[in-house]
Structures are given as structure tokens and as C-alpha cells.
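Trainee: Please give me a close look at one part of this structure, namely its pairs of oppositely charged side chains. I should like to know where they sit and what surrounds them.

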Amino acid sequence: MGTSTILPDLGTQIVIPLCAAIGIIFSLIQWFLVSKIKLAHEKPSPKNGFNESLIEEEEGLNDHAVVRKCAEIQNAISQGATSFLYTEYQYVGVFMVAFAVLIFVFLGSVEGFSTSSQQCTYDSSKLCKPALATAIFSTISFLLGAITSVISGFLGMKIATYANVRTTLEARKGVGKAFIVAFRSGAVMGFLLAANGLLVLYIAVNLFKIYYGDDWEGLFEAITGYGLGGSSMALFGRVGGGIYTKAADVGADLVGKSSCAALVVASISSFGNNHDFTSMMYPLLVSSVGILVCLLTTLFATDFFEVKTVKEIEPALKNQLIISTVLMTIGIALISWIALPPVFTIFNFGIQKEVKNWQLFLCVGVGLWAGLIIGFVTEYYTSNAYRPVQDVADSCRTGAATNVIFGLALGYKSCIIPIFAIAISIFVSFSFAAMYGIAVAALGMLSTIATGLAIDAYGPINVLTPKVFIGLIVGAMLPYWFSAMTMKSVGSAALKMVEEVRRQFNTIPGLMEGTAKPDYATCVKISTDASIKEMIPPGALVMLTPLIVGIFFGVETLAGVLAGALVSGVQIAISASNTGGAWDNAKKYIEAGGSEHARTLGPKGSDAHKAAVIGDTVGDPLKDTSGPSLNILIKLMAVESLVFAPFFATHGGLLFKIF
């Protein structure tokens, strides 16, 4: 069923790489604008032969002592971050190779490493490529996704450390200048990583298509390895980086991929059956439009409107969300009209469900606007401009205990509206376009709902069966286990750092007075070694759970594990992130003293401020490590289950077969 699309296949072949190229070019332009700030070079240092360029102060602000101090801090941060990444990537490289071998062996063994064609899973009347081909190409796509994510992490860290000192020194000229530098630096990272991820995925699809030909089911099943590679590296980067940052206070972030599961569902629907390339690429076209929309939105922040005061920053960022959502809605409507046939079918648990193009537009739209609502709710509960954070700050009057109590209550309460928004978007999108609707809604929402797609690989479940129920219980427990691991890891790393700092204060003469330099290298080594060591257990928990459950308990139990992890993980992630954010901003609210109420709680050093600092310290691992990592946990377990689904379906459930 279905008719041709308005946008021809040739147009799709041009639009997607063109948008990715535009994103890369725009990021380079933003980088050029940031680096245009005048630089001055110091003499070569005896340690490494050179120093990084420094900002030359303008407009009568030639305080070279400040510039030199900022340069020292930047060099220390940059060297520490680079040292951490190199050390982490040595361990991650070993994992990458080992897991690639595992993918090849498991998927190749589905048909005994046969090189003969096999019946297609969802259409037995057709022949598909051998399982060995799926094993090979899944392994290749896994490595592509992993390498892309590793490069993204490295670039993200370098861009962040490059921009820090420039933003700091520009702030001396005014909030507006600092805001523009910071925003442009963020744009460099955001556009570069998003465009690279899209471009590499698109190139992989086209290269794989040369071998697979008309076997689109096998093609897009192999492509899921790309998402697994990207997500697994993002997990290690987030967990390891989060532990490192909370021990040494350096920032980093990595990107994950989420279009692969949507492509799998589409490949066994009318898009794949009719070999409609443009419709198949709908998720990538949506991402392409997103790059253009974000480009226009960025210009609103940096060129069309000027931020002059601190109070204008928050409304400016809020306007970014609104403008991008409105523009994206228009863009999605256009793409849905030209890239989708008026009527088509979507695979839905063994049957083909008839869907209209406007219904798929609503699926993406409901996810997009749900994401906006979640963003506003998050801002309301974490910004010190609103009552919830102000109440947390006010609770510091009576000590740290009440601060912690109010913060936890805020985090729990902040889950209510986001969960309803997610639930409504799931219901609407599934009603219109089954699992594919949920997948494209996730593209708009930028959430972890694509996890639900993994269940599609295993067929419909009766939820009350014992196999599924035990999976639900265990799956709901996993986010708590994972969070406990990551939070304890941050505490252990921070403890070692505190001990080292105390040792230096006690043993280095003049350090307390500021006349001597601290031993940065030892601090960096302690933080790096601790974070690398501590990231392995939680990473192993996430990567091994789907394999162990799938092999020994089968696909039904694994489906229960994924569902349980999704239900509890989403709420823990929201609560942890918002609780930590609220504690952080409550401390800043007291320190800033921007209102009469805030001034009654301060200044720095007051009992209320000390209580707020304790809350902020407790909240750091919640908002920077456990919360963000849970999002990757949910997605990674689902994508990993999709990749290994053929093996689990063929050889899984060993315990139930024995007993």
C-alpha cells in the first residue's frame, strides 16, 4: 500500500548530507568567531615547549595578572581533561574490540555461520542475506558508532576547555559578550556532533545498501549496531566523565544515537516492503530539519537579540526553546507532507496498520511539544527565579537536614508532570502509528521512549506470565543498583581528592597564602585513576544484563527487564537531575543575593549558605552522573537487546529449556 512521495529519492540523497554539511560548516563559522578574539602568545614553557594562546584584554582591561591566572587554570584543566580522555579511551578501546568480537560470534552463530541465504523473518516468501552477513555488518556499524562517539567526546572536551577562559575574560566586558561566546562555543559542539552523527549514519546506510540490495530488513537490522556503539561509548563517557568531573570539577558530555530502532520498524513496514527510500529516511530527514531549525534559533540568540543583563539570560534561553519548537513543528509538517505517501502501513505486532501522513506528523509533534513541557517543568523546579528553589534555599535557615529533605521532596514532585507528558505522548503516538509512532515521537522529545521499540523484536507479551513478571521486578531494580554504584563511585573519588588536597595544604609551604602552586598533576592522576576504576562495575552491569537475561531466561523475561528499567529509570532520572539542580541553584541563589529574601539568607559563610553548600555537594552526583547516565542506561539496554535479538530468539532461554 502507499503511493510515491513528493520528494524524490534523489532529493533525499541530497537533502540529508547537505543539512549535515551545513551543520558542520555553521559550527566551524561559530568556532572562527570565538577564536577571532585577539590572542597573545607567551614564551615557550620548558615543560612542553609551548603554552596555549591567551586572550589579550581590550578596552582598558589589560590586567595581565588576571589573564595569566586564567591561562594557568585553563592549561591545568585542558591537560587534566586530555589526560583523562586518553586514559579512559585505552580502557574503552579494549572493550570496543572485545564487544565487537562478541557481536560477531553471537550473531554469526544464529545460523551456524552459514553463508547461504535464509528466509526473511517477517516475510517467509522472500530470501534475505545470511546471518553471517548480519554479524559482519552489525560489527562494522557498532565500531562506526563507537568511534563516532569517541571522537565526539574528545572534540566536546577540547571545545569546552578552549572556550572556558575566553568566556571568563569576556565576562569582564559585560554579560552580553560572555553570553555570546558561551552560546557560540556550545553551538560549535552541538552542531558538530549532531551533524557528524547524522552524516556517518547516512553514509553507513548507503554503503551497506550496496551489499544488501533489496534486503532492507537485514540492512537496517545491521544498522542497529551503530546505535549500540554510540550509546555504549556515551555510557562510559558519562559515567567515567561524571565521576571525574565531580572529583575535579571539569565538564564533559557525549552524544547518543536514537534513530536506528525506528529504521528497523520501518524496514518491515510498507516503506521497506516497497523499497521507498525517501519514506525510510524519514527519521533522518527529521534530524536534518532539526539542524536547520537549530541554526536559525542560534542566530536569534547571538545575532538578532542582545543579552545585556544577567536577568535577561534565562528568558533568552526560554525563548530558544519556544522558537525552536515552533519552527520545528513547521519543519516536521513540511517533511511529513513531502517525504511520506498519503497512506502507508506500519508493522504492528504481526499485522500491518494503516497510517496517514498527518498522523505521523502528529506523533512527532506530540513528542516535540511534550519535550517543551518537560523543559519548562524542569526549569520551574530547578531555576532560582521560581518558588520551589527559593523554598529549598529558605529551608537552609534551619540547617542541612531540612535542605536535604526539601530538595528530595522537590525532586519527587517534579516527576509528576513529565511522566504524564510522556504517557500521553506514548498513548497518542502508539494509537496513530504503533511502535514506529513512539520512535518518531522520541525524535521530537529527545527522550528515552525509543526503548519501547525493543519489545517489538520479541512480539506481543502477556504481562502476567511469570517469565515477564520476574523480568519486570528485576528491571525496575536495575536503575537503583546502577545509581547506587555511580553515587558511591563519585563519593570514593571525591574522598581521595579531598585527602590529596589536604595533604598538599599541609606539606607545600605558601600554598594556603597563594604564593606557591599546587601539584595539579597528582590531583589529575588521582581523579583519572579513580574514575576509570569506578566506571567499570556500572558499565558492566548495563552491558552484561541484557546478555545474561537473554541467554539464560529468554526474550520474554528480557522484555520484562526492559519495561521495568524504563518505568523506574525515567522517574529516578528526572528526580535525581531536578533534585541536584535545585540544590545547586539554591546555593547560587543565596550567593548572588539578588533579592531581599536571598540577602536575608546570606552572605557566603552564613549558616544558611553552609547548609546550601552541603546540599549542592550531595546533589552533584545526582544531577551530573546518576541522572544523566540513567537515560543512557535505558536506551543502551534496549538497543543492545535489538542487536542480539536474533541470537536470543534462536538460542536464548537456556534455563527454561533445561527445567
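**Salt bridges and the helices that carry them**

Mentor: D391 counts as partly exposed, because its relative accessibility is 28%. The model is a predicted one, and a search of the whole of it finds 12 salt bridges. D391 belongs to one of these: its partner is R387, and the closest N and O atoms of the two are 2.7 Å apart. R387 is exposed, with a relative accessible area of 57%. Both residues lie in helix 12 (residues 387–395), and since they are 4 residues apart there, about one helical turn separates them. An α-helix has 3.6 residues a turn, so residues three or four places apart point the same way.

A second salt bridge joins K587 to D616, with 3.1 Å between the closest N and O atoms. This pair links distant parts of the chain, as K587 is in helix 17 and D616 is in helix 19 (residues 607–643), 29 residues apart. Are the two partners buried or exposed? K587 is buried, because its relative accessible area of 15% falls under the 20% cut-off. D616 is buried as well, with a relative accessible area of 7%.

The surroundings of K587 deserve attention. Helix 17 spans residues 555–592, 38 residues in total. Of these 38 residues, 29 are buried, so helix 17 is largely enclosed by the rest of the structure. From first C-alpha to last, helix 17 reaches 54 Å, close to the 56 Å expected at 1.5 Å a residue. Helix 17 nevertheless contains a kink of about 25°, centred on G569. Just after helix 17 comes G593, which takes a positive phi of about 60°.

On the other side of that pair, helix 19 holds a further salt bridge. The side chains of D620 and K623 meet there, at 3.7 Å from N to O. D620 and K623 are 3 residues apart in helix 19, about one turn of the helix. D620 counts as buried, because its relative accessibility is 17%. The contact between D620 and K623 does not stand alone, for D620, K623 and D624 are linked in a network of salt bridges.

To draw these together: R387 and D391 pair within helix 12, K587 and D616 connect helix 17 with helix 19, and D620 and K623 both lie in helix 19.

Terms used. Residues are numbered from 1 along each chain as its sequence is written. This is a predicted model: local features need pLDDT of at least 70, side-chain atom pairs count only at pLDDT 80 or more; totals for chains, interfaces and linings use all residues. Side-chain values use heavy atoms; hydrogens and water are left out. Helices (H or I, at least four residues) and strands (E, at least two) are DSSP runs, numbered from the N terminus. The expected span of a helix is 1.5 Å times one less than its number of residues. The bend at a residue is the angle between axes fitted to the seven residues ending there and the seven starting there. Buried means under 20% relative accessible area, exposed over 50%, partly exposed in between (1.4 Å probe, protein chains only). A salt bridge is a side-chain nitrogen of Lys or Arg within 4 Å of a carboxyl oxygen of Asp or Glu.
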